[in-house]
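The following paragraphs lead through the helices of one protein model, then through several individual positions. The sequence and the structure should be kept in view throughout.

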Amino acid sequence: MEKVIAALWAPAGESRADFGSRLLQSLPAALAGAGASGIRLNLRDAVVADADALVQQWQAPQQDAVVQFWLPSANARFRGEIDALLGRASARFAAWLVCESTIIANTAHPAQAGQRTPGWSQASFISFRADMTRAAAIAHWHGHHTRVAIDTQTNFEYVQNLIVHPLTDDAPAYDAFVEECFPLEAMVDPAVFFDAIGDPAKFEANLAAMNDSCAGFIDFSRIDVLPTSQFDFSPATQSA
């Protein structure tokens with residue numbers, strides 16, 4: 001099995017809200033019918049509007065949704081129906097083959113099939129620093145930053161996806177996709193985000209540790225950070 005992540009852009013004239021609603025109603029079942037499993041949608045909907053201040057942007061226009069799923073093979077020879085579905089559902093899509101690592105599994109607020117997962121999901125497309133080798137950036141990310149991200153935040157789900165290679169010709173040159181789920185309050189309260197409610201000294205320490213660690217491997221001029229609502233789909237839901 002291979003994991004695919006695709007960024008989707010809404011057609012001109014279709015609002016982000018309408019785009020997300022349409023994807024939610026039709027795309028998971030269509031992908032499942034074409035052989036995909038483990039389908040997850042990340043939508044930029046009204047629930048996460050309060051987190052707009054946390055958006056970081058490289059792409060213009062920025063992607064409006066993300067879909068994640070697994071295929072027996074992501075080889076282009078076997079992906080034709082999937083690509084056609086994504087193309088019909090959006091004005092543009094870009095896709096990558098990734099290697100997934102679940103750092104924190106969501107056991108606090110388990111997803112219910114087809115329902116919005118509690119809290120909100122920070123979906124981050126990141127690029128490594130140009131002055132580092134890929135191996136050095138991964139070593140810092142996996143060997144140092146992972147522990148910092150666990151220790152300094154209220155993330156109740158944390159999934160790292162290392163990009164293996166792009167699957168579409170125009171895919172932005174990211175190196176990884178990271179998804180972290182937080183309590184809703186973390187959208188507007190940095191103390192909640194950094195697990196430091198009522199403790200200013202801990203907040204400053206956690207913020208500094210996270211900023212220093214991110215600067216150790218991320219090129220902040222080439223990232224897209226999207227607050228999203230997460231929707232997971234079980235096989236039973238996909239085939240309904």
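The expected span of a helix is 1.5 Å times one less than its number of residues. In this predicted model, helix α3 can be set against that rule: it has 19 residues and reaches 25 Å from its first C-alpha to its last, close to the 27 Å expected at 1.5 Å a residue. The helix nevertheless contains a kink of about 45°, centred on H145.

H145 also belongs to the buried set of α3, which comprises A137, I138, H140, W141, H145, T146, V148, A149 and T152. An α-helix has 3.6 residues a turn, so residues three or four places apart point the same way. The partners of the buried residues of α3 are β4 (92–104), β6 (157–166), β7, α4 and α5.

One of these partners, α5, deserves separate treatment. Two packed helices are described by the angle between their axes and the distance between the axes. For α3 (residues 134–152) and α5 (residues 200–215), the angle is about 160° and the axes are 10 Å apart. Because angles over 145 degrees count as roughly antiparallel, α3 and α5 are roughly antiparallel to each other. Their crossing is left-handed. On the α3 side the contact is made by H140, H144, H145, V148, A149, D151 and T152, and on the α5 side by N206, A209, M210, S213 and C214.

Within this contact, H144 of helix α3 can be examined more closely. With a relative accessibility of 40%, H144 counts as partly exposed. Apart from residues up to four places away in sequence, H144 touches A139 and S213. H144 and S213 lie 69 residues apart along the chain, and their C-alpha atoms are separated by 7.6 Å.

A second helix pair involves α1. Helix α1 (residues 16–33) has 18 residues, which at 1.5 Å a residue should span 26 Å; its end C-alpha atoms are 25 Å apart, in agreement with that expectation. A kink of about 40° lies at L24 in α1, shortly before the proline P28. P28 is itself buried, as are F19, G20, L23, L27 and L31 of the same helix. Just after α1, G35 takes a positive phi of about 110°.

How do α1 and helix α2 (residues 80–89) pack, and at what angle? The angle is about 165°, and the axes are 11 Å apart. That angle makes α1 roughly antiparallel to α2. The crossing of α1 and α2 is right-handed. The contact draws on F19, R22, L23, L27, A30 and L31 of α1, together with I82, L85, L86, R88 and A89 of α2. Several of these α1 residues, including F19, L23, L27 and L31, are buried.

Attention now turns to the strands. S37 is found in strand β2 (residues 37–43). At 26% relative accessibility, S37 counts as partly exposed. S37 and K3 are 34 residues apart in sequence, and their C-alpha atoms are 9.4 Å apart in space. S124 has its place in strand β5 (residues 120–126). Is S124 buried or exposed? Its relative accessibility is 8%, and S124 therefore counts as buried. Leaving aside neighbours within four places in sequence, S124 is in contact with A176, F177, V178, D224 and V225.

The loops supply the remaining positions. Most residues other than glycine have a negative phi, and most peptide bonds are trans. Against that background, two places stand out. The peptide bond from A60 to P61 is cis, with omega near -5°, and P61 lies in the loop between β2 and β3 (65–71). D195 is not a glycine, yet D195 has a positive phi of about 55°. D195 is found in the loop between α4 and α5, and its relative accessible area of 32% makes D195 partly exposed.

V188 lies in another loop, between β7 (176–182) and α4 (190–193). At 57% relative accessibility, V188 counts as exposed. V188 and L54 are 134 residues apart in sequence and 9.0 Å apart in space, C-alpha to C-alpha.

Technical notes. Residues numbered from 1 in each chain as written. Predicted model: local features only at pLDDT ≥ 70, side-chain atom pairs only at ≥ 80, totals over all residues. Heavy atoms only, no water. Helix = DSSP H or I, 4+ residues; strand = E, 2+ residues; numbered from the N terminus. Bend = angle between axes of the 7 residues up to and from the residue. Buried < 20%, exposed > 50% of the residue type's maximum accessible area, 1.4 Å probe, protein only. Axes fitted to C-alpha atoms, helices over the stretch in contact; angles between N-to-C directions. Parallel < 35°, antiparallel > 145°, perpendicular 65-115°, else oblique. Left-handed = near helix turned anticlockwise from the far one by under 90°. Contact = heavy atoms within 4.5 Å.
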